Structure formats: structure tokens, C-alpha cells
Amino acid sequence: MQDINNKKDKQNVFPSIRLITRIDGWWVYAFVIALMAAVPITVVLNSLFSPTEGIWDHLIAHVLPELLLNTFWLVTGVTTGTLMLGVSLAWLTAVCVFPGSRIFAWALLLPLSMPSYVLAFVFLGLFNFTGPLQTALRNWLGAGNVYFPDISSTGGVITVMSLALYPYVYLLARNAFMTQGSRALEAAGSLGHGKVSGFFRVALPMARPWIAAGVLLVIMEALADFGAVSIFNYNTFTTAIYKAWFGFFSLSAAAQLSSILIIIVFVILLVEQRTRSDIKFTRSGRESAATPKIKLHGWLKWGSFGFAFSVLSAAFIVPVIQLSIWALQVYKIEFNYRYLEFIAHSLLLGIIGAVTVCLFALILSYAKRHHPDGIVSFFTRIATLGYAMPGTVLAVGVFIPVAYLDNILVDLMNTLITTELSSILKGTVPVLIFAYLIRFMAAGFGSIDSAMHRITRSIDEASRLTGLSGLKMLSGIHLPILKNGVITAAIIVFIDIMKEMPITLMMRPFGWDTLAVKIFELTSEGEWTRASLPALTLVLAGIVPVILLSRKGEK
Amino acid sequence: MSPILQLQNVFQSYGDLAIIKNMSFKLSKGSIGCLLGPSGCGKTTILRAIAGFEEIMDGRILLNDTVISSKEKNLKPEKRKIGMVFQDYALFPHLTVSENIAFGLRHIDRTERILRINNLLDTLALADMRNKYPHELSGGQQQRVALARALAPKPDLILMDEPFSNLDVNLREKLSMEVRNILKAYGATALIVTHNQLEAFAISDEIGIMSDGHMHQWDTAHKLYHQPANEFVADFVGEGVLLQGEVLDKTRVSTGIGMLNGRFHLQCNAGHAVNVLIRPDDILHEDDSQIKAKVLDKTFRGASIMYSLLLENGEKVLSLVPSHHQHDIGMKIGIKVMLDDIVLFPRDRQGELNITGMSY
């Protein structure tokens, strides 16, 4: 329709005129949002190609080998751990029946509400030498007779991260096993393959793209993780970036480390997007509504229960109990005016961030709707890339251009009026929100855009025919349809911001301590007990999106 | 010829809900059987029980005179030598066409395996697709792959669950002939489930009419149409109406369209109240006939027109006539009944139709 009108109005002017007329308001908005997201990526990558003298040599000689090795072990270990936990639990809950299997199906997602840094310090507090477990063992067996593996080790950090991140693999693998239904296995059965052979030759290969997507998400999370590794004093790129900036005050070293990390991340991202596109083709028949499950008997039945229960205990139940015990101990001292202030900061940043993200995500989604193909969908891809950027990298990528802009502004101000200003933008809430916007755009855009897909062109046309158009159509038709998507997006982004650690830590305005920042400060001094109150608050808040997620899974 | 498949008094239920009630039938070697019935009548459940995916509560299922399912015993699906073509085909998306077909042939010698696969690919016109993945194929091609995969291990019996329901309506009849020819070419014994009569007629040698977990009649298509065992079968197969009538003697019955004279398919005594099955093609238009009826409605079907006619006693009949017989709605026309074999069912004492009853 639009094209026909354009032809009528602007016939025979230039052949390229149609390209230009396609650039309307929506196009520009999408372009600007994409540009905003592209800036930090470009800035960080740029530092790879403009090395500062001396820094590279130092990094290569003294820092990089350790970082690369640590990162390698972390990624390898966490991949193995999440793969084993996620796939086995997904198979058990999706296909088998054992005591509590229906409860485990959603309960095993609960660890998603536990930020990895919370799980990390709870584990340290529980299992270190002075912790309750080792103390109890020593009292019972005598001081010399207790061998206990050192929790603050590579193995420890891998265990903690695997327990915190397995739900990604679990969720996607379970999804795969559920949508496969038992139909494919029945087909294998009718061709002479038993259950074991069917699992390895049909179910597992068919679920491979899902499992791969889950694992790649896990790898990106592991690479981006800052809180857990810093609590374990396990040096990775994220901690090194933080130290370079705030320990050695070398922003260029931080930028160069960031550039290496982001290249690693983008390689993973590329692989991830390729596996995602494989998923479309990996279905065997339609989803069958009633898929008869395998009933487990005897030791298999109780073994499965025991396995699922111990994973859930280690990743969620025990940590929550420990946090509650600690919180009860310190509640009287810690719950005071200062604590309410942290909560207020967390809430405020979360709300402003969520509203901003939803607003921009709506604009982006409408832009995509108006230009369903071509360059605008490329803009949306760029605009949502931020989820792949580790928080520390993003902080560096936002800080550098903001500082540059700041200097220009300050100079400009000083030429007009003499002021004592040293910065205008640096360390302000809007800049922090800007960083959140880039980081969490994908989270908000995802659920808003999938709601937008429900407003088909014929819905618009039908409402036009009944005489509803413009703002009336927006409020009467679009908003009610989009409402749930927007609310979901807002909740997810809100909770994500509450839990977010590195960006907030590195970019917050002076005095703006949040719950996550407080946890970082307390845990870096080994004050596990005192960190329990803010941690418990975050875990409780984090349960909300998990419920949303598991509801979506049920549908 | 001894039957390949036998069901003997099979019962099946989910909890208290009975799905299959006392089901018995036989399928002989090389023949194609079909379970036909409205959706939810239990036909798919029977198929899944034969395949071994569902356990039965009572009765026995025999394959080659060996019990494969009973109350006590349930041979695993993979041990049964029964192939299945699923409603949604359930092709393995991660395997190519030839890998899919080879999936059930792992215990077979390599040269023999390749021979069989090539043979199937040729017969089913899939040779060009051997290296393609299922998602690259059309619906009809996917179905042929599913059939080839089921045929490959040379099973004793092939089960097909609504094989044409995913396909374009125009393709169905053509493909059902095609599938029949392939099954016959391989000498396969097959049991097919469908709710579409035309498909069932096109593909099968014998058809079982089911509803509510009952088997009403297991017979050839011709017999189902012309000698239905009960009113459900009469109503379900083909079009037609039941007119009330009274038996006069061994060959005559009086009805709202006059006295009919012919062979009864059931023994009935004089004075018996019955329902008489009148098919649309039994009624001819004849202007000078004594019997008059009013045109209520008509549907143009190309070569013919289906008229719905109101008789003088208030009953309705259908009449299918060549489309050059044009009558307007509301017109009164003369009709005549052409009927040699009379299908009639005794009416029960209340005078109500006993549709769901199983046997008389």
C-alpha cells in the first residue's frame, strides 16, 4: 500500500527516491537506538587497534596468560558441569515420572533467582575452614582427621557457577525434550530401538541445538560474571578490567582487556545465533499434547528423586536457609536507615531503568513493525547486542565516550562562564541508566516484540474498518494486547537491574550504594553474615521472574 | 489363510473411562484394513495398543498366532516387528531421508541394507531426495519417507495413524491410491486409522466401523454401504435417511414413500415396526408418480444435485439426481423409489431410534 502511494506521489523523480522515502520517523528512531548500542562496542574494539605504548607488552607478558588460562578452565568446567546437570535433570523431569517430578519441573528453575555472587559467598561461608560444616566435622571427628577440599579453588568456583547457571541448559533442554514429545521415541521403538538406544540416537541428537544454545548462554554468563569470581579471588577478564581501572587507574589497560574479552564473547555469540537458527528445523512432527511419560521404579525412582533433590538443595534450598539464619543473626543491627537507603537506591534505579528500557523497546518494536524487513531489523539486532557485553566491558565502553564528551562540555562551559566544574555527565544517574539501557535492551525487547507479533496487520485493518484509528486504535487495541508483554519486560528488567553488580559498581554516582554494591563491599571483606540481608532481599525479588518463566513454560 | 493380526475381546480404559470395549477383529496376510469412525471413538488407542505403546486391560492381541498383548503381558514395541506411520510422520529431523529409512535396519547386513534402501527410494520416487533433510521436503514427500521407513525392516504389520490428515484435501484421494499400490507391491499387511470414508474406501480391503470404543461392523466397503449391521453404520457410511415403516410380509414394507418390495437384509415378521434406510440414489424423479414431495433445499454438486425433500407425512428424504433435473425450492414433484435390497432395522418399543446400540 505504502509503496503504491509513494509511486503515485513521487513518480519519475529519481529511481532511488523510494529508498529515501522509506526513511521515516521510525527508521530514524531505530537508527539512533542502534547507534547508542554500537558506541560502546566500537569504543572498546577501537582500543584493540590503537594500542597504547607499553601497556600491551605488559599485559601480554604478565596478565594475559593467567587470564586466558583461568578463563579456559572456568568455561570448560562450567560447560561440563551445566551440561551434565542441565541435560540429565531436563530429561528426568520432561520424560520420566518419579516422586516429586512435577514439582521439580519448576522448582529446578529456582536457582535462577540466585545471583551467582550470592551463591558464591554462601558457599564460601558454608564450606571454608571456619564455616559451620568444617567446624562440625572437626568437633565430631577430631581436628587432625578431617580432610576437606579447599572451596576457594578453581573447582570451587566451577561448582558454584555450574549450580547457578545450569538452569539455562535445563530450561532449553527440557523445552526440547517436551516438544519432541514421545512421538520420536515411539517411532524409534517401532523400528526396533529400545529406550536407551532411542535416547542416544534420537532424543539427544534432536535436542542438540537447544542444548547448545543453553550452553552458549552459560558460557556468555560465565565470561561476563564479575561477582562470583571476584568473591573467589579467581582472576578473569572481568576482575582484571575492574582492577586495571579502579586499582591501577589505567583506563586504557581496562579498555584493551575489554577488547579481548568482547572478541571472545562475539565469537560465542556468532556460534549461538547459528545454533538458534538450526532449532527451527529440529522438530519431529507436531507437539503431541498427551505424551505418556516413563514411570520409574525401584532404585531408579528414588535415585532420580535423590539426584534432583540434592541439586536443588545445593543450588537453592541450603543457601536460602543459610542466608536466613545469617539474616536473623544480623537483622537487628543491619536493618536500619542505611539499609533502607540501599533498598531505595536499588528500587529507584530498577524502576527508572525498567521504564526507560520498556519505552525504548516499544519504539524499537514499532519501528520493526513498520519496516518488517531490511535494514531496520538489522538495527534492532545491533540495538539488542548489549546483552552479550559483560557489564565491566560495557562500563568501560560507556565511560570513555562520556568522559570525552564531558571534557568538551566542561571546556565549552568554561569559555562561557568560569566555573569550577570538572564533570557534568560522569558519575550521574542518567549515564548509569544509559548503560543499563544498552545492557538490558534485549531482555525488554524480547517480550515486548513477541507481544507485538500478536498485533497482525489484519488486526489494524479490522479496527480501521470499525472506524478506530490513530490514538484510539493505540489505546483501544494495541495497548491491551501489548500490556502483558510490557509488564513482563518491565519486571524482568527491573529485577535484572536490582541484581546487576559490575555496571552499578563502576558507574554509580557517589553515595549511590545499592544492595548489589553493598554485597560486593561486604564480601570483599569476608563479611558473609552481614551480606546475608541484602542477598536474601535480592533472592526473594529474583523469584518473581522465575515464576513468570515457569508459567510461560507451562503454557 | 491364517490371520496376521487378531484382536480378541480387547478392553482398554484410562482410569474409569472405558476407551475400548470388547473389541475383536482379524486381519489376514496381505490385506489392508481400516478403522473408520468419528474422532474420539478410540481408533487411535487401538492402533497404539497394537503397536505396544499402550497396555490393554483385558483380552488378547495376537500377531502371527503369538500373544503380544494381554492383561499379563505386554511385549515391548521394539520387539514386535510392527512398523508404524505416525499421523505427524515423526521423521527424525537430524537425519537425512536415507538415514531415516536406514534407522530400523541396524541389525541387517550392509549390502542388503543398501539394496533395500535403494529399492524403497526408487519405488517411492524418493531417489532424488536421499540426502535431503525432512524439513526440505513437501508434506507428500515426508509421508512417503515415513512409509519407506516403516516398510524398510519388513515388519509383519504396518500401522498408519490418520496418514492423510496433514495433506491437502485435493491430494488425499490420489495419495491414498498411491499408498495402497505401494503396500500391495510390498505385500504388506496394514491397518489404517482414519475418519474420512473416501480415504477408507480408496485404500482398504476391509473396514471396521467404530464409535465409542465399539466395533460395529468389520466388512468390505460394499457391504458396509449396502448391508450395514446397524443404524449407526447406516448413518455413518454414505448419506441417507431412515424412514419409519411397518413390515407387511417377507418382502414388503410400507413407508411414507409408499410400499417397498424387495429382499430384506434382516428377517422381520409381519407387523414389526422398523426403520428403513433410504439412500439418495434410491429416489428418482418421475413427474407422473403418485407420490409427491416438496423441495425443501437443494445443493448443486456439479454433475448432480442433492435435493432435500419433504414427504406428505412430514418425513424427509434425500435425493441425488443428474443436474439437468432442475426444480425450484417449494415446488412439489413426483418421486419414485428404486430399491431391490431393503435395509431395515427393528424399532424398539418406545418408537425411538436406537442409534448407539451395538447389535440386534
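**Exercise 1. Establish whether Asn131(B) is buried or exposed, and describe its surroundings.**

Solution. Asn131(B) has 10 C-beta neighbours inside 10 Å and therefore counts as exposed. The cut-offs are as follows: with C-beta atoms placed from the backbone, a residue is buried if 20 or more other C-beta atoms lie within 10 Å of its own, exposed if 12 or fewer, and partly exposed in between. The model examined here is predicted; local features need pLDDT of at least 70, side-chain atom pairs count only at pLDDT 80 or more, and totals for chains, interfaces and linings use all residues. Residues are numbered from 1 along each chain as its sequence is written, while chains are lettered from A and ligands numbered from 1 in the order in which they are written.

Next, locate the residue: Asn131(B) belongs to the loop between helix 3 (110-123) and helix 4 (139-151) of chain B. Helices (H or I, at least four residues) and strands (E, at least two) are DSSP runs, numbered from the N terminus. Then list the contacts, where two residues are in contact if their C-beta atoms, placed from the backbone, lie within 7 Å. Apart from neighbours within four places in sequence, Asn131(B) is in contact with Thr96(B) and Ser98(B). Finally, the C-alpha atoms of Asn131(B) and Glu99(B) are 8.3 Å apart, although 32 residues separate the two in sequence.

**Exercise 2. Characterise chain B as a whole and its division into domains.**

Solution. Begin with the overall content: chain B holds eight helices and 22 strands. Its C-alpha atoms fill a box of roughly 75 × 50 × 35 Å along the principal axes. Of its 360 residues, 43% count as buried. Among contacts between residues at least 6 apart in sequence, 65% join residues at least 24 apart.

Turn next to the domains, whose bounds come from an automatic or database domain assignment. That assignment gives domain 1 (3-231) and domain 2 (240-346) of chain B. Their C-alpha centres lie 39 Å apart. Five residues of domain 1 of chain B are in contact with six residues of domain 2 of chain B. On the domain 1 side, these residues divide into one nonpolar, three polar and one charged. In this classification Ala, Val, Leu, Ile, Met, Phe, Trp, Tyr, Cys and Pro count as nonpolar, Asp, Glu, Lys and Arg as charged, and the others, Gly among them, as polar.

**Exercise 3. Trace the open sheet of six strands in chain B and the place of strand 7 within it.**

Solution. First, write the strand order: 6-7-8-3-9-10, with mixed pairing. Two strands pair if DSSP finds at least two bridges between them. Strand 6 and strand 10 (214-219) of chain B each have a single partner strand, so one side of each lacks a neighbour in the sheet.

Second, follow the pairs. Strand 6 (residues 82-85) and strand 7 of chain B are parallel, over four bridges, and Ile82(B) stands opposite Leu157(B). Strand 7 also runs parallel to strand 8 (residues 190-194) of chain B, again with four bridges; here Leu159(B) has Leu191(B) as its bridge partner. Strand 8 in turn pairs with strand 3 (residues 32-36) of chain B in the parallel sense over five bridges, with Leu36(B) partnered by Thr194(B).

Third, examine strand 7 (residues 157-161) of chain B: five of its five residues are buried. Leu157(B), Leu159(B) and Asp161(B) lie on one side, and Ile158(B) and Met160(B) on the other.

Fourth, identify the connection: strand 7, helix 5 (residues 169-185) and strand 8 of chain B make a right-handed β-α-β unit. A crossover is right-handed if, with the strands pointing away from the viewer, the path from the first strand over the helix to the second runs clockwise.

**Exercise 4. Describe the side of chain B that touches chain A, and then helix 22 of chain A.**

Solution. Count the partners: 22 residues of chain B are in contact with 19 residues of chain A. Strand 6 of chain B contributes the most to this side, with three residues. By class, the side has 14 nonpolar, four polar and four charged residues.

In chain A, eight of the 10 residues of helix 22 (residues 515-524) are buried, so the helix is largely enclosed by the rest of the structure. Among the buried residues are Leu515(A), Lys518(A) and Phe520(A). Just after helix 22 of chain A, Gly526(A) takes a positive phi of about 75°.
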